[in-house]
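Trainee: I'm new to this structure and would like a close look at a single part of it. Could you walk me through the sheets and what sits around them?

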Amino acid sequence: MNRRKFLTLSALSAPLLSFQRPLTGSTKPIVVSTWDSGMPVNAAAWEILSKNGTSLDAVEAGAIYIENQINCCVGLGGYPDRDGIVTLDSCIMDEKANCGAVAGLERIKHPISVARKVMENTPHVLLVGAGAQQFALENGFTLEPQQLSEDAQKAYKEWLKKSEYKPVINIENIKPVKQHGPFAPAFFDDGSPNHDTMGLLALDNLFNLSGAVTTSGMAYKIHGRVGDSPIIGAGLFVDNEVGAATSSGVGEEVIRTCGTHTVVEFMRQGYSPTAACKKAVERIVKRNPQKAKEIQVGFLALNNKGQYGAYAIQKGFVFSVKSAMENRIIPSRHLL
Ligand code: SD4
């Protein structure tokens, strides 16, 4: 690295140190996840990590926890597409670059576990729609009733009044949010959940990184729309030589920039997790500064030393961290 580049990197990293682990030493095991709803998710993952379990088992356990929350905006309790159908996207990736994903999956409670089965039992990475459902049924998953959660039903009815096709996502900075208990997901003041994606990254005692993402995706999307969450390199990327990253926000913008792959590549160049997330956010904003004012994208990264960081376009993105030393929610830095 030449001196000029080193100075640039140092300058970028220095003010961020208060937001992340010092850049010396290692912290393991550790799990980080998107949003404040990541606190109980991290607790579920920690159960495994703290007993010398693998990061892969830990991230799956965390995702299963949130998929079980019936009134949560992730999983079958989530908001439907514009036809009133909940379709789920999910992926998982381990330290050896094994990965599996499902997209547009209907009526299956644990898309993360189906994604893991795709990874472990097939030569493929991504199964979609009816094929993904068929695969799930063949692998012992059961079909849940086609029914919206109470919250989703109410919100969908309201949306139908105008049926305005204007997907809104993660706009904490526009609408005020209130907390329903320290570990509950944040909600808008009108009671509707403000985000619908859980991404988590873990480093285990053997220094192995894994990641998982599970989501019902953007509310009121066109039936068949797939976001960034199940796409390796967009919603999730893991490279054990460097680190891992996940994203939340408007998936289309993340796909366009191969967002999490970009974050990991910046970490490979020597950027800290926070600085790498910032560089990826800047790339999105630079391409369309006007549009960026109206959308949210947040990246969260964990490197293979257990150092973490996040960066978002707008204010409001937060993430949760759990290690032997900390258990807390941290506000992400933001560009605008
Ligand atoms: C998507 N990225 O479907 C997801 C949505 C999300 O918080 O992250 N919501 O585009």
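Mentor: Here is a walk through the sheets, then the helices, the cavities and a few backbone details. Keep in mind that you're looking at a predicted model.

Let's start with the eight strands that make up an open sheet. Reading across, the order is β4-β3-β2-β8-β7-β1-β13-β14, and the pairing is mixed. Look at the two ends of that list: β4 (126-128) and β14 (327-331) each have a single partner strand, so one side of each is left without a neighbour in the sheet. As you step from one strand to the next, the twist averages 10°.

Now zoom in on one pair inside this sheet. Strand β1 (residues 30-34) and strand β13 (residues 318-323) run antiparallel, and five bridges join them. If you want a spot to put your finger on, find Ser 33, which stands opposite Ser 320 in β13. Helix α2 (residues 38-49) packs on the sheet here, where it touches β1, β7 (197-203), β13 and β14. The direction of α2 makes about 155° with that of β1. Another helix to find is α4 (residues 111-121), which also packs on the sheet and touches β2 (88-93), β3 (99-105), β4 and β8 (209-215). Compare its direction with that of β3 and you get about 135°.

While you're in this region, check two backbone oddities and a third one just before β1. In general, most residues other than glycine have a negative phi, and most peptide bonds are trans. Ala 97, in the loop between β2 and β3, has a positive phi, near 70°. Ala 97 is partly exposed, at 46% relative accessible area. Arg 107 sits in the loop between β3 and α4, and its phi is positive too, near 60°. Arg 107 is also partly exposed, with a relative accessible area of 26%. As for the peptide bond, the one from Lys 28 to Pro 29 is cis, with omega near -10°. You'll find Pro 29 in the loop between α1 (3-13) and β1.

On to the other sheet. Five strands form this open sheet, in the order β9-β10-β11-β12-β15, again with mixed pairing. Its edge strands are β9 (236-239) and β15 (333-334), and each of them pairs on one side only. Take β9 and strand β10 (residues 243-249) as your example: they run antiparallel, with four bridges between them. Leu 236 has Thr 246 in β10 as its bridge partner. Two helices are worth tracing here. Helix α8 (residues 259-268) lies across β9, β10 and β11 (297-303), at about 145° to β10. Helix α9 (residues 273-287) lies across β11 and β12 (308-312), and runs at about 20° to β12.

Last, the empty space inside. There are three cavities of 30 Å³ or more, and the largest has a volume of about 70 Å³. Fifteen residues line that largest cavity, and the closest to its centre are Thr 197, Gly 217, Asp 228, Ser 229 and Gly 249. What gives the most to this lining? That's β10, with three residues. Sorted by class, the lining has two nonpolar, nine polar and four charged residues.

Definitions and conventions
Residues are numbered from 1 along each chain as its sequence is written. This is a predicted model: local features need pLDDT of at least 70, side-chain atom pairs count only at pLDDT 80 or more; totals for chains, interfaces and linings use all residues. Side-chain values use heavy atoms; hydrogens and water are left out. Two strands pair if DSSP finds at least two bridges between them. Axes are lines fitted to C-alpha atoms, for helices over the stretch in contact, and angles run from 0 to 180 degrees between N-to-C directions. Contact means heavy atoms within 4.5 Å. On a 1 Å grid over the protein atoms alone, a cavity is a set of points where a 1.4 Å probe fits but cannot get out, and a pocket is an open set with protein on both sides within 12 Å along at least five of seven lines; lining residues have an atom within 4 Å of a point. Grid points are joined across faces, edges and corners, and a volume is the space filled by probe spheres set on the points. Ala, Val, Leu, Ile, Met, Phe, Trp, Tyr, Cys and Pro count as nonpolar, Asp, Glu, Lys and Arg as charged, and the others, Gly among them, as polar. Buried means under 20% relative accessible area, exposed over 50%, partly exposed in between (1.4 Å probe, protein chains only).
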